[in-house]
Amino acid sequence: MANTTNKYENIPVEKLRFAKKSDALHDKKLSTKPVSYFQGAFRRFAKNKGAVVGGVVILVLVLFAIIVPFFTPFTPGYYDMTYNYVTPKNDLFVDAGIDFWDGCKEKEANYVGFLKDQAIAQETGREVIKRNEYTVSEDGSVYSYRYNTYYGVGFGKYKIISLEKYMAIQQYQLETGRQVLYPIVDVTARPTLEKNKYDANIYYVTEDPKAKTIRPKVDTEGNIIPNYWKYTEETKSKTVADYNSLRIEGENGITQNGETYYYAYGRIVDGGIEIRAEYYEYYIYEHVMEKKDGIEEPSFFFGTTDTGKDILACLAYGARFSFIFATLVAVANFIVGVIWGSISGYYGGKIDLFMERFAEILGAVPTMIVITLLKYHLGADIPQWLVLFIAFFATGWIGMSHTTRMQFYRFKNQEYVLAARTLGANDFRIMFKHIFPNGLGTIVTSVALVIPAMIYSETSLSYLGIINLEAGEITSVGTLIAAGQKSITADAGFVALFPCVFLVLLMLSFNLFGNGLRDAFNPSLRGSED
Amino acid sequence: MYMFKYVMKRVGLMLFTFFIIVTMCFTLVKLLPIPTNALPGQDPAIVMKTLEGRGWITNVREGANGTFKYDRVPILIQYGNYIKRIVTQGDFGIATTYGEYVNMPVWDVFVSHLPPTILINIYSTLIGVPIGLGLGILAALKKNKWQDQVINVFIILLISLPSIVLALGLQYFFCFKLGWFPLTMSTSDEYFTWEVFHSMLPAVFALCLGSIAGYARYTRAELSEVLTGEFMLLARTKGLTKRQAIYRHAMRNSMVVIFPSILSEFVGVLSGSLIIERMFTINGVGGLYLNSITFQDYDFFMLLSCFYTLVSLTAAIVIDISYGFIDPRIRMGAK
């Protein structure tokens with residue numbers, strides 16, 4: 001035995017072998033990087049296609065609300081009663097000649113209606129009837145064509161403007177070569193009924209000036225006969241205003257029986273000059289030369305409402321307001337709810353019972369009643385959006401405090417909290433350094449889900465007319481939808497369409513986004529997707 | 001016995017909450033200026049006398065040029081008067097400023113507006129519950145087959161459409177474009193004629209589409225969970241056919257969760273939907289409430305606030321309590 005033990009006095013290195021093939025016994029270093037809670041949440045979120053799409057749509061809507069107000073000269077305060085129910089117009093489609101989104105609408109009219117549209121088109125040289133294409137039904141009673149709502153307005157009513165403005169328009173016409181003013185019809189030659197008397201579109205001879213509905217008289221070739229007020233240098237009436245500017249085509253004094261006739265372009269009345277202006281050009285003149293508000297042309301991307309408000313501007317401003325408002329409410333609810341909920345959840349016992357009872361009773365009051373009472377009390381003193389803010393805040397924080405309270409109940413008895421307490425951490429530190437960050441995911445998700453609910457309540461309330469947010473530069477999507485509903489009977493479905501699409505996209509994307517967030521912040525799902 | 005105690009406790013708590021809310025509303029309403037303006041054709045002296053008679057003001061004296069001076073009654077005493085009249089005479093006050101109902105008892109006006117609201121909601125529940133449950137059951141039984149996927153898409157679409165958009169769309173396409181229904185509900189009082197029923201239908205559809213989706217989703221989730229339960233395997237093992245197992249075991253168990261929500265919806269129908277009532281101009285409670293806000297008619301507002309609060313409180317506890325009755329596994333209040 002001794003021999004064998006002393007066979008080697010010193011064991012040579014080459015005789016030594018590792019017990020295992022591998023050269024090390026210690027733990028392997030983790031080759032993957034540690035994934036923190038939020039990194040994991042983000043990774044899970046990014047894997048959820050629906051949530052990502054929702055997030056992108058939200059981003060687009062927010063960008064829409066931020067950017068559009070900078071690019072459109074229109075504001076929610078703008079309105080133009082003559083251009084109401086004007087259909088959406090996109091210059092791209094107009095230039096491409098596509099019969100869609102071109103400021104036109106399909107119109108079916110009888111012969112007289114068709115003739116009236118034709119008359120405006122003839123005088124102004126504009127395509128009131130797109131490409132002058134129309135189809136007549138077999139019995140000849142129905143004319144259908146694409147009717148341009150911008151040009152179709154024609155002249156609107158006779159307007160009375162000041163002498164200076166009358167001169168300024170003439171000057172403008174000479175400078176730009178654009179014709180605003182058109183010859184007027186003598187008062188005695190106009191239709192007699194009050195509603196037709198001031199209708200500047202009737203510039204032609206009518207079959208019966210006393211009739212309720214005016215039928216243009218046509219000559220043997222089927223053309224309408226202009227009924228302009230003519231005068232010669234000698235017979236010029238005192239009420240004819242001087243005019244030295246563009247004249248309508250072919251009229252530089254018409255010679256008949258050796259006399260030179262001119263058309264009258266303005267009539268002197270009490271308070272100024274009565275004119276007949278083509279509304280399209282007059283609108284441009286008004287906005288470019290007089291108001292200087294950046295509007296260069298009547299062109300409404302989403303059309304206009306019943307009161308002639310620009311839908312695009314109203315929607316963008318309304319959306320901007322909604323987003324800011326909902327975020328503010330959510331932040332306010334978040335702060336108060338978190339503080340309330342954490343105190344109530346952390347301390348428990350009597351404090352919790354009392355705080356819970358208080359929140360429960362307050363939460364049982366229907367929001368509608370809170371808003372109404374606030375409106376009665378404060379409505380006269382503070383703006384309506386502030387009333388709405390206070391009302392949403394008064395009842396909204398309760399949900400948040402519930403969520404926080406649940407999270408606190410879940411974590412407050414866990415070992416790490418006990419450890420922190422043993423090490424001498426005070427209550428405040430335990431609440432906000434140890435417990436709160438663990439519940440943050442759930443709480444943030446409930447904030448994300450509160451925002452669409454907020455926007456929807458605000459929309460419904462302004463639709464119901466309980467809250468009227470329309471003041472100055474503020475408007476609301478709900479107000480637009482209410483206007484859209486009124487427009488249904490006027491066959492202007494587009495008024496409701498755009499705000500509705502906006503609302504649907506918003507709700508859908510926020511729900512997808514919120515659900516994705518909820519799943520992402522739920523650590524029990526970790527690894528389940530791999 | 002514990003069940004009885006539990007119910008009594010919940011009801012008592014609910015009544016307590018209700019009392020606090022009503023007191024709060026009353027105080028806040030009474031802090032507002034009293035509407036003493038006489039409407040055209042009303043004698044201001046009579047208006048003053050009425051207000052005095054109702055116990056809102058006291059010591060009325062006529063001042064110079066037809067104005068009146070009066071002292072306000074302390075709010076607590078007013079509240080006492082208010083409750084006393086409700087308890088002893090069932091008198092909730094009279095309308096003071098609400099145009100067409102001035103000087104009428106608000107309770108009578110309120111009751112006359114209830115039928116359209118309730119009818120519309122009952123119709124919508126009657127249509128919505130069977131269709132919703134049916135779709136949900138079908139989807140659960142055919143889980144992950146094409147039927148399930150079609151139903152799922154339908155559910156998601158309906159749930160994400162806000163009811164305001166859904167109602168507007170229905171009105172635009174079915175009432176205006178296609179002309180199948182009148183744009184607004186008929187104002188006739190004969191609620192059970194074909195004409196009125198027909199004019200109610202768009203509102204009924206607008207209401208029930210949302211709840212169909214809700215029921216279908218709920219039923220699908222519940223039933224498909226129950227179907228995977230081990231007792232279902234046992235039921236099949238002991239020789240029940242698939243149909244028997246589903247009808248006798250799975251459905252019954254899933255109804256435990258679904259039934260309370262239907263029950264609470266039945267309570268909730270009373271309050272109706274303000275948006276739908278407004279959109280289809282239904283002459284119901286919602287319109288009454290909105291108008292009472294516009295006219296600042298406080299007696300109306302008080303009555304309707306009480307009504308809405310009571311309905312929402314009741315709907316909430318009905319769910320809680322019915323769980324305990326239906327499902328013996330849930331022993332609430334038991335130690």
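Mentor: Before we start, one definition: contact means heavy atoms within 4.5 Å. Please also keep in mind that this is a predicted model.

Trainee: Which elements are included in what covers the buried residues of α11(B)?

Mentor: Helix α11 of chain B spans residues 285-295, and its buried residues are B:V285, B:G286, B:L288, B:Y289, B:L290, B:S292 and B:I293. An α-helix has 3.6 residues a turn, so residues three or four places apart point the same way. The cover over the buried residues of α11(B) draws on both chains, and it includes α4, α10 and α12 (298-326) of chain B together with α11 (367-378) and α14 (427-464) of chain A.

Trainee: What is the phi of B:Q296, the residue that follows α11(B)?

Mentor: The helix itself covers residues 285-295 of chain B. B:Q296 comes after it, and its phi is positive, near 55°.

Trainee: Where does A:K292 lie, and is it buried or exposed?

Mentor: A:K292 is not a glycine, yet its phi is positive, at about 50°. The residue sits in the loop that runs between α8 (279-291) and α9 (311-347) of chain A. Its relative accessible area is 61%, and since the class begins over 50%, A:K292 counts as exposed.

Trainee: What is the relative accessible area of A:R131?

Mentor: A:R131 is another residue other than glycine that has a positive phi, in this case near 55°. Unlike a loop residue, A:R131 belongs to a strand, namely β2 (residues 129-136) of chain A. It falls in the partly exposed class, because its relative accessible area is 36%.

Trainee: Which strands stand at the edges of the open sheet that contains β1, β3 and β2 of chain A?

Mentor: Strands of a sheet pair through backbone hydrogen bonds, either parallel or antiparallel. In this open sheet the order is β1-β3-β2 and the pairing is antiparallel. Each edge strand has a single partner, so one side of it is left without a neighbour in the sheet, and this applies to β1 and β2 of chain A.

Trainee: Which residue is the bridge partner of A:I129 in β3(A)?

Mentor: β2(A) runs antiparallel to strand β3 (residues 143-148) of chain A, and four bridges join the two. Within this pairing, A:I129 has as its partner in β3(A) the residue A:Y147.

Trainee: What does the twist average from one strand to the next in the open sheet of order β6-β8-β7?

Mentor: This sheet of chain A has three strands with antiparallel pairing. Its edge strands, each of which pairs on one side only, are β6 (230-232) and β7 (254-256). From one strand to the next, the twist averages 45°.

Trainee: Which residue in β8(A) stands opposite A:Y231?

Mentor: Three bridges support the antiparallel pairing of β6(A) with strand β8 (residues 259-263) of chain A. In that pairing, the residue that stands opposite A:Y231 is A:Y262.

Trainee: How much space lies in the largest cavity?

Mentor: Rolling a probe the size of a water molecule over the atoms shows where empty space is left. A search of the whole structure finds two cavities of 30 Å³ or more. The lining of the largest one includes B:P116, B:M185, B:D189, B:Y191 and B:I282, and by class its residues divide into four nonpolar, five polar and one charged. The space in this largest cavity is about 60 Å³.

Trainee: Which helix supplies the largest share of the lining of the second largest cavity?

Mentor: This cavity holds about 40 Å³ of space, and among the residues that line it are B:P116, B:T117, B:I120, B:N121, B:I276 and B:E277. Its lining has five nonpolar, three polar and one charged residues. Two helices of chain B, α4 (106-141) and α10 (274-279), each supply at least two of the residues. The largest share, four residues, comes from α4(B).

Trainee: Which element gives the most to the lining of the second largest pocket?

Mentor: The pocket has a volume of about 920 Å³ and is lined by 31 residues, with A:A492, A:G493, A:F494, A:L497 and B:Y172 nearest its centre. By class the lining divides into 21 nonpolar, four polar and six charged residues. At least two residues each come from β1 (104-109) and α16 (494-520) of chain A and from α6 (163-177) of chain B. The most, eight residues, come from α6(B).

Methods: Residues numbered from 1 in each chain as written. Chains lettered and ligands numbered in written order. Predicted model: local features only at pLDDT ≥ 70, side-chain atom pairs only at ≥ 80, totals over all residues. Heavy atoms only, no water. Pairing = 2+ DSSP bridges. Axes fitted to C-alpha atoms, helices over the stretch in contact; angles between N-to-C directions. 1 Å grid on protein atoms, 1.4 Å probe; cavity = no way out; pocket = protein on both sides within 12 Å on 5 of 7 lines; lining within 4 Å. Points joined across faces, edges and corners; volume = space filled by probe spheres on them. Nonpolar A, V, L, I, M, F, W, Y, C, P; charged D, E, K, R; others polar. Buried < 20%, exposed > 50% of the residue type's maximum accessible area, 1.4 Å probe, protein only.
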